[in-house]
Amino acid sequence: MLIDRLFLIFSIIRTSSYIRRSSNNANLSFILTIAFCKLLIMGNCQNNPLPVDTFFGFPTALPSWPTGGGFGSGEMDLGGLKIRKVSTFKKIWTSYEGGMNNFGATFFEPDPIPDGFSMLGSYAQTNDQPLFGWNFVGKSDATDILKQPTDYSLVWSDTTTTETAYFWLPIPPDGYKAVGFVITTTADKPSVDKIRCVRSDFTDESEIEAWIWGQGGMNVYGLRPKTRGTNAQQLSVGAFLVQTDNYTDTLPCLKNNNSTVSAAPNLSQIKAVFNTYSPYIYFFSKEIYLPSSVNWFFSNGALLYKKDDESNPVGIEADGSNLPQGGSNDGEYWIDLPGGKKDRRRVQGGDLQSAEAYLHAKPVLGGAFTDIQVWLFYPFNGHATAKLGIIHEISLGKIGEHVGDWEHVTLRISNFDGVLYMVYFAAHAGGRWVDASLLEYAGGAAANKFVGYVSHNGHAAYFQAGEYVQGPGEVGIRNDTGRSDMVMDTGASYTVVAADGLSAAEGVVEPAWLEYAREWGPKISYDLGKEVKRLERFLPGKLKSLFKKLVDKLPEEVYGEEGPTGPKMKSSWDGDEI
């Protein structure tokens, strides 16, 4: 008991240091509450309110969206199977421990369910954030798309706590599949009328997305479709998966058999949604390589080079109309900064006043959601900075520098009601999806606009300010973020450069530079060994070995100078973000 209490005291001290670096006060207040609660009464926290007991709401009420099409209608037809998104729930059971950081999880049923619709699965969420999720419920005029299960199989039960829980897997009729679980607090089997199974041709493969909770050999996971991207017809139910030592199968997702994306937003709806949530992007106080518009970059002396004719670069038209179109990144052409040293340095710094956000809207998850990618262009990516043990900041010289830098965040919008559910923050070769309930919001007149932070020199995007180290423990590449006077309101200057399914006649005209498939900067290979030796001579023995360890683990993106390809050439343009 004493050891447990000492461990909890240490947890509180560690959590307190985290609080000083975070803006998510609601979550962190919960962390301290739960820690003190466990310290004082050793786990008897049932009478204390949890963040999950409060439904997340945006700072102000969402507007009414422009009318037209099926966007915001609240219903979607998958080709005979109609679905609605239910975002209100009835709590069934709560575990006050287990899972990530031992905070427990809560399990829900969608409630109320619209008349004529049936439950397809249940919802689960960790306790350390406000309730914010959804389940699809289904209805069909045809009698053979949805059917009752024939029975239930008990997959797991918890009878060790005051409130017991039983997790039931519906047993489907032949030709049908269960897509979700039922939870009860008694050992009696649920009624077969409780849930519906889905005909197999309206289902497809899913995969585990994230761990939600677990204890005693049982684990609960969130699911996502295995096939994802712009043209993928698979969509999640919003339900969870239970696995145990004896049950290791997965559950399928739904499949949209409707050939038209009936709920996709039109151009006026895309703009209305973006105007509501458009992020404020903050740059680090030491940042000298800021974004600019593509037109500013071209108009201020950017040059187009051709292989085997490097001595005769040509200026680029402001709209990029003289750039080679289509093809592949074959090394035949590349873009570079202006030739003069003074002009190169000026253009390297970008021009925040001219900076513009370039939007790409695309249907995802079977047309149930729309992703709005927000692309920013930087004329130059600065050098990397390392953390080496007690040396918190050391410049890596030219390592990491390159001309041209395209970075983005992605808003995931529900086509049922226009709600922002998640944001993807791209960071170097990866990134992270963050629930809307965990974001920081601008407040004031821009209440529902969220905040993002861009790292010093490298321009990786994060949802919280702070120091992010890319690497193992005390050694890695620093990604410093924070608020400063340099901020970009993306909603004040943006262009929808692409919207899948919308044509030029509907107001979406792709700029010429979007079809440029080659690199936005030259490839310059420098002697990494020489650069490393130059830096090593300033380091004492132990730090020198740490530095060598860092160099061995550097990601490929920081080697040499090589400009990136444009947004349309990225895998995430048509595919999913991960």
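Let me begin with a word I'll be using a lot: a residue is buried when its relative accessible area is under 20%. Tyr-123 has a relative accessible area of 11%, so Tyr-123 is buried. Hello everyone, and please keep in mind throughout that this is a predicted model.

Since we have met Tyr-123, let's stay there for a moment. Which residue does Tyr-123 form a stacked aromatic pair with? The partner is Phe-89, with the rings 4.9 Å centre to centre and 20° between the planes. Those are the two things to look at, as a pair of aromatic rings is described by the distance of the centres and the angle of the planes. Phe-89 is in strand S3, residues 89–95, while Tyr-123 is in strand S6, residues 123–126, so this pair ties together parts that are 34 residues apart in sequence. As for Phe-89, its relative accessibility is 15%, so it counts as buried too.

How many aromatic pairs does the structure hold? There are 46. You can also look for one aromatic cluster made up of Phe-56, Phe-58, Phe-132, Trp-134, Phe-136, Tyr-277, Phe-369, Phe-416, Tyr-421 and Tyr-441.

Two members of that cluster lead us onwards. Phe-369 sits at the start of strand S25, which covers residues 369–381. Tyr-277 is at the end of helix H3, residues 267–277.

Let's take S25 now. The strand is mostly covered, with 13 of its 13 residues buried. On one hand, S25 runs antiparallel to strand S24, residues 357–364, and 7 bridges join the two. If you would like one to find on screen, Tyr-358 has Trp-375 in S25 as its bridge partner. S24 and S25 form a hairpin, with 4 residues between them. In that turn, Leu-365 has a positive phi of about 50°.

S25 is also joined to strand S28, residues 402–414, by 12 bridges, and this pairing is antiparallel as well. Here the example to look for is Tyr-378, whose bridge partner in S28 is Asp-405.

Now for helix H3. Of its 11 residues, 8 are buried, so we can call it mostly covered. The buried ones are Leu-267, Gln-269, Ile-270, Ala-272, Val-273, Phe-274, Thr-276 and Tyr-277. What do the buried residues of H3 pack against? They pack against S24, S25 and S28, which we have just visited, and also against strand S29 (420–427), strand S32 (446–454) and strand S37 (494–499).

Next, the empty spaces. Rolling a probe the size of a water molecule over the atoms shows where empty space is left. The structure holds 4 cavities of 30 Å³ or more, and the largest has about 80 Å³ of space in it. Its lining brings back some strands we know: S25 and S28 each supply at least two residues. Among the lining residues are Val-374, Leu-376 and Tyr-378, along with Glu-407, His-408 and Val-409. By type, this lining divides into 8 nonpolar, 3 polar and 1 charged.

The second largest cavity has a volume of about 60 Å³. Which strand gives the most to its lining? That is strand S16, residues 218–225, with 3 residues. Leu-223, Arg-224 and Pro-225 are among the lining residues, as are Ser-236, Val-237 and Gly-238. Here the division is 7 nonpolar, 3 polar and 1 charged.

Two quick stops before I finish. There is an open sheet of 3 strands, in the order S8-S13-S11, with antiparallel pairing. Its edge strands are S8 (146–147) and S11 (176–177), each of which pairs on one side only. S8 and S13, residues 197–199, pair over 2 bridges, and Leu-146 has Val-198 in S13 as its bridge partner.

The other stop is Ser-157, in strand S9, residues 151–158. Is Ser-157 buried or partly exposed? Its relative accessible area is 29%, so Ser-157 is partly exposed. Leaving aside neighbours within four places in sequence, Ser-157 is in contact with Ala-165 and Tyr-166. Ser-157 and Ile-183 are 26 residues apart in sequence, and their C-alpha atoms are 9.4 Å apart in space.

That's the tour, and thank you for listening!

Definitions and conventions:
Residues numbered from 1 in each chain as written. Predicted model: local features only at pLDDT ≥ 70, side-chain atom pairs only at ≥ 80, totals over all residues. Heavy atoms only, no water. Buried < 20%, exposed > 50% of the residue type's maximum accessible area, 1.4 Å probe, protein only. Pairing = 2+ DSSP bridges. 1 Å grid on protein atoms, 1.4 Å probe; cavity = no way out; pocket = protein on both sides within 12 Å on 5 of 7 lines; lining within 4 Å. Points joined across faces, edges and corners; volume = space filled by probe spheres on them. Nonpolar A, V, L, I, M, F, W, Y, C, P; charged D, E, K, R; others polar. Contact = heavy atoms within 4.5 Å. Phe/Tyr/Trp six-rings, centres within 6.5 Å; stacked < 30°, edge-to-face > 60°.
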